[in-house]
Each structure stands twice: as structure tokens, then as C-alpha cells.
Amino acid sequence: IIFSSFSNMAVSDALHNTILGNVCLGLGVCTWSCVCRWYLWPWMKRNPREIALPPLLLACCGRFHGALFAMRGITAADVPRTWALVTAYTDIVAAVLSLLGASAVRNRHWLGIPLAYLAHGLGLADILLSALFYNLFLRFDPAKFGPGLLVLTVNVTWLMNNHVMNLKYLTQAAEPNGPKSK
């Protein structure tokens, strides 16, 4: 009875979609925060940079999924094209930087740590600026993302936690008593 009453309320589908989309985003952030805090962070602190950073940089290569926002047919035609293209191309740049950074760190190349900083810094900035722009100016029904909504609720929430954790690790690894560094 409660659920049938809730579904009959005079609330638009767009509002239901916004509520459900935000709940999914919140659960994604909480879930990945727990994974990072309970499992990945302790492992990272025990390992030197060339062991700890490459797998998590490689995980950031999945940012290429952001290109889905710019593909018509996957997202609705009225998703703002400029926003979708900027999001898609910055995701691809961040994915390439992550791949280069993983290889350079693993091989102890001098560009490894700067590329890791750049990949995680650009990646986090891209997520935060895209979210800010969307929330301040666009605010359309999240269902218009179509299958791209999975990118937001799974990938973006993981990437946000990954970037924050890795930037913290990089910063602490630079300190004398920070995580192990060879």
C-alpha cells in the first residue's frame, strides 16, 4: 500500500529520476569510499610507489567510458552537446595520462610521479567541474543519460575516490614519514 501510494503521488518522472539518480550516486560514493579506505589505502601504505600506483592508474584508464556522453543514441539528443564533448575529450585525455603514468611509474621513469599527479589532478578537476557545471546550469532529467548513467553511478564515483586517495598518497609519499618510497 505504501509503495502504490508513493508511485501515485503527483510527482513528475523527472523528479523521481533525479531522486533515484542522486541516491545511486550517494551509494556509489559511500561504497567506493569504503573499498578505498578499508582495503586499498592500507595496501597502498605498505607498498612503494612503483607497486602501489600503477594498478590504480590503470583503473583510471576506464575513463574512456566518458566518451559515451558524446555519442548520440546512447544519451538523449537534448543533452547539451558542448558539455558532452568537453566531458568526453577530457576523460580521454585523463585516461591517456593515466596509462602513460602507470607505465612510467612502474618502470621508475622520472616522468612517472609528475604524470601520476597530472592524471589524478586533471581527473578529479574534470569530475568536479563537470558536476558543478551540470548542477548549476544544466539540471536535466538524469534518465536522458541513458546507459551513460551507469558511467556516472559506477565509474565516476569510483574515479572520484581513486583520485582523492592517490593524490593523498602522492602527497604523503613526498613527506619523509609518508608511505614507503624507493
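**Reading burial and contacts in a six-helix model**

Modeller: The protein exposes about 10,300 Å², of which carbon and sulfur atoms supply 70%; accessible areas come from the Shrake-Rupley method with a 1.4 Å probe, and for residues only the protein chains shown count as cover. This is a predicted model, where local features need pLDDT of at least 70, side-chain atom pairs count only at pLDDT 80 or more, and totals for chains, interfaces and linings use all residues. Residues are numbered from 1 along each chain as its sequence is written, and side-chain values use heavy atoms, with hydrogens and water left out.

Colleague: How many helices and strands does the protein have?

Modeller: Helices (H or I, at least four residues) and strands (E, at least two) are DSSP runs, numbered from the N terminus. Here there are six helices and zero strands.

Colleague: Why does alanine 94 count as buried, and leucine 85 as partly exposed?

Modeller: Buried means under 20% relative accessible area, exposed over 50%, and partly exposed in between (1.4 Å probe, protein chains only). Alanine 94 is at 0% relative accessibility, so it counts as buried; leucine 85 is at 30%, so it counts as partly exposed. Leucine 85 lies in helix 4 (residues 81-106), and helix 4 also holds alanine 94.

Colleague: Which residues is alanine 94 in contact with, leaving aside its neighbours within four places in sequence?

Modeller: Contact means heavy atoms within 4.5 Å. For alanine 94, the partners beyond those neighbours are Arg63, Ala119, Leu122 and Gly123. Alanine 119 is 25 residues away along the chain, yet the two C-alpha atoms are separated by 5.5 Å.
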